[in-house]
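Colleague: I'm new to reading protein models. Could you walk me through the features one at a time?

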Amino acid sequence: MSVFHETRKKNIRAIGFFYNPNIHPSNEFKKRETYTKYLFKKEKSLFIRHRSPAEEFFLITSIFPEAPARCEACWMLRLRKTAEFAKKKRFNAFTTTLLASPYQNHEKIKAIGEYLAKEQEIDFYYRDFRVFFKEAHAQARRDGVYCQNYCGCVFSMIEREEEKNKKAAGHRSQVTG
Ligand code: SF4
């Protein structure tokens, strides 16, 4: 996990907080939880799995059914829970592994983190963790660690399936010419 490059170097004690009511279906949630837990254990870091009822995610999608507003609300929901937890436990700061993804709207996530830092009165630890993405991904493959192939929610799962089908159809028409 790319965040560990930074925490190791700076001697920061990172605690894993797993709150993902967006992840669908339950076996995907389990896979991601298992491997995240494994990575934290490997780093000898504490891992906390927070209750993640799907209703909390579907409540926001009933208000914001379409991306990008849906995604912004999803990041806000997950980051707010993280910031609240960090504040309650008197940690120095909170951050998010979303900052490591080249597939997410990095600037928007940064802005949400900064907004929540003010709202919750706790520091937001910002770094552009994307610089570690390639290496972390390669390491995960070497370790046989599960790598997700869609963002997480049922909507992103369907989008991914549609993309795959489109590509496969394109390939078939090239072959049959
Ligand atoms: S696509 Fe990703 S960020 Fe957007 S709502 Fe779904 S899980 Fe959340």
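Modeller: Sure, and keep in mind that this is a predicted model. Let's begin with a pocket. Asn 20, Pro 21, Asn 22, Ile 23, His 24, Pro 25, Ser 26, Phe 29, Arg 49, Ser 52, Ala 54 and Phe 58 line the second largest pocket.

Colleague: Which elements give two or more residues to that lining?

Modeller: Those are α2 (26–42) and α3 (54–63).

Colleague: And what is the volume of the second largest pocket?

Modeller: About 150 Å³. You can also sort its lining by class: six residues are nonpolar, five are polar and one is charged.

Colleague: Okay, α2 came up there. How do I read a helix?

Modeller: Start with its length. Helix α2 has 17 residues and reaches 24 Å from its first C-alpha to its last, close to the 24 Å expected at 1.5 Å a residue. Then look at its sides. An α-helix has 3.6 residues a turn, so residues three or four places apart point the same way.

Colleague: So which residues in α2 are buried?

Modeller: Buried here stands for under 20% relative accessible area. In α2 that fits Glu 28, Phe 29, Arg 32, Glu 33, Thr 36, Leu 39 and Phe 40. Seen down the axis of α2, these buried residues fall within an arc of 130°, so they line one face of the helix. Over on the other side of α2, Ser 26 and Lys 41 are exposed. You've met two of these names already: Ser 26 and Phe 29 are among the residues that line the second largest pocket.

Colleague: Can we try that on another helix? What are the buried residues of α1?

Modeller: Helix α1 covers residues 3–10, and its buried residues are Val 3, Phe 4, Glu 6 and Thr 7. Viewed down the axis of α1, they fall within an arc of 160°, so they line one face of the helix. Arg 8 and Lys 9 sit on the other side of α1 and are exposed.

Colleague: What is the relative accessible area of Phe 4?

Modeller: It's 3%, so Phe 4 counts as buried. You can also check how far apart two residues sit in space: the C-alpha atoms of Phe 4 and Leu 79 are 75 residues apart along the chain and separated by 19 Å.

Colleague: Let me have a go at α5. How many residues does it have, and what should they span?

Modeller: Helix α5 (residues 106–120) has 15 residues, which should span 21 Å at 1.5 Å a residue; its end C-alpha atoms are 21 Å apart, so the two agree. The buried residues of α5 are His 106, Ile 109, Ile 112, Gly 113, Leu 116, Ala 117 and Gln 120. They cover an arc of only 140° around the axis, which puts them on the same side of α5. The face turned away from that buried side carries the exposed residues Glu 107 and Lys 118.

Colleague: What about a residue in a loop? Is Arg 90 buried or exposed?

Modeller: Arg 90 is found in the loop between α4 and β3 (93–94). It has a relative accessible area of 77%, so it is exposed.

Colleague: Last one: which residues are around the ligand?

Modeller: They are Asn 22, Phe 57, Arg 70, Cys 71, Cys 74, Trp 75, Cys 151, Cys 153 and Ser 156. The largest share of that shell, four residues, comes from helix α4 (residues 69–88). By class, the shell has six nonpolar, two polar and one charged residues.

Note on methods
Residues numbered from 1 in each chain as written. Predicted model: local features only at pLDDT ≥ 70, side-chain atom pairs only at ≥ 80, totals over all residues. Heavy atoms only, no water. 1 Å grid on protein atoms, 1.4 Å probe; cavity = no way out; pocket = protein on both sides within 12 Å on 5 of 7 lines; lining within 4 Å. Points joined across faces, edges and corners; volume = space filled by probe spheres on them. Nonpolar A, V, L, I, M, F, W, Y, C, P; charged D, E, K, R; others polar. Near = heavy atom within 4 Å. Expected span 1.5 Å × (residues − 1). Buried < 20%, exposed > 50% of the residue type's maximum accessible area, 1.4 Å probe, protein only. Arc of directions from axis to C-beta.
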